[in-house]
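Here is a short guided walk for anyone who likes to see a fold through its numbers. Please keep the viewer open and follow along.

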Amino acid sequence: MRKHYVFWYALLAAITLVAALFPAGLSGRSSLLQLVVAVVVAIVLPPVLIWLAQKLGYPLGQPVHCSRCQTELPLLRKPTSVRQGLLGGYDCPNCGASLDARGREVLANQPR
Ligand SMILES: [Zn+2]
């Protein structure tokens, strides 16, 4: 279960680190202070972002389960439709149910 949290933490930390160090890399001047600040931000920010996403109802850092058969869905998903690419979502590998990003079943005739 923790692998989901670790995965998102590492991903967000890497993005934060790159974003924080990019300006310094462009100007060609990088100080130790900038590096320390970037590392501290990369350590502190991901838990805040994950917490915020969970408050908004997104299962970031948590395993997602199929609402029909309770199978745990893979950490990395391949969108099988435009809707999944834009909004997130899954096709259950076990029962084939079409699920949204939170693991709830999406019915074909249900407007979204
Ligand atoms: Zn299922």
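Is Ala 13 buried, exposed or partly exposed, going by its C-beta neighbours inside 10 Å? The residue is found in helix α1, and it has 19 C-beta neighbours inside 10 Å. A residue needs 20 or more to be buried, so Ala 13 counts as partly exposed. Before we follow that residue further, please note that this is a predicted model, and that what comes next describes the prediction.

Let us step back to the whole chain. The mean pLDDT is 84, and 92% of the residues reach 70 or more. Among the elements, α2 has the highest mean pLDDT, 91, while helix α3 (residues 82-87) has the lowest, 74. You will find three helices and two strands, and reading from the N terminus their order is α-α-α-β-β. The radius of gyration is 18 Å, well over the 13 Å that the globule rule gives for 112 residues, so the chain is more spread out than a compact globule. Along the principal axes, the C-alpha atoms fill a box of roughly 55 × 25 × 20 Å.

The chain is divided into two domains: domain 1 covers 2-55 and domain 2 covers 64-106. Their centres, taken over C-alpha atoms, are separated by 28 Å. Buried residues make up 12% of the 112 residues. As for contacts with a separation of 6 or more, 51% of them are between residues 24 or more positions apart.

Now to the helices, beginning with α1. Helix α1 spans residues 2-27, which gives 26 residues, and from its first C-alpha to its last it reaches 38 Å, close to the 38 Å expected at 1.5 Å a residue. There is a bend of about 35° at Leu 21, and the proline Pro 23 follows within four residues. Helix α2 occupies residues 32-55. With 24 residues, α2 reaches 35 Å from end to end of its C-alpha trace, close to the 34 Å expected at 1.5 Å a residue. This helix also bends, by about 30° at Leu 45, with Pro 46 following within four residues.

How do α1 and α2 relate to each other in space? The buried residues of α2 are Ala 38, Ala 42 and Pro 46, and they pack against α1. Pro 46 therefore appears twice in our story: as the proline that follows the bend of α2, and as one of the buried residues of that helix.

This brings us back to Ala 13 on the α1 side. Leaving aside neighbours within four places in sequence, Ala 13 is in contact with Ala 42, Ile 43 and Pro 46. The C-alpha atoms of Ala 13 and Ile 43 are separated by 6.4 Å, although the two residues are 30 apart along the chain.

Further along α1 sits Ala 19. With 13 C-beta neighbours inside 10 Å, Ala 19 counts as partly exposed. Ala 19 and Ala 38 are 19 residues apart in sequence, and 8.6 Å lies between their C-alpha atoms. From the α2 side, you can look at Val 41, which has 15 C-beta neighbours inside 10 Å and so counts as partly exposed. Beyond its neighbours within four places in sequence, Val 41 is in contact with Thr 16 and Ala 20. Val 41 and Leu 17 are 24 residues apart in sequence, with 7.7 Å from C-alpha to C-alpha.

What happens after α2? Just after this helix, Gly 57 takes a positive phi of about 100°. In the loop between α2 and α3 you will meet Gln 70, whose phi is near 65°, a positive value in a residue other than glycine. Most residues other than glycine have a negative phi. Gln 70 is exposed, with 11 other C-beta atoms within 10 Å.

Pro 74 is also placed in the loop between α2 and α3. It has 11 C-beta neighbours inside 10 Å and so counts as exposed. Pro 74 and Pro 63 are eleven residues apart in sequence, and their C-alpha atoms are 8.4 Å apart in space.

Methods. Residues numbered from 1 in each chain as written. Predicted model: local features only at pLDDT ≥ 70, side-chain atom pairs only at ≥ 80, totals over all residues. Domains from an automatic or database assignment. Rg over C-alpha atoms; globule rule 2.2 N^0.38 Å. Contact = placed C-beta atoms within 7 Å. Expected span 1.5 Å × (residues − 1). Bend = angle between axes of the 7 residues up to and from the residue. pLDDT = per-residue confidence, 0-100.
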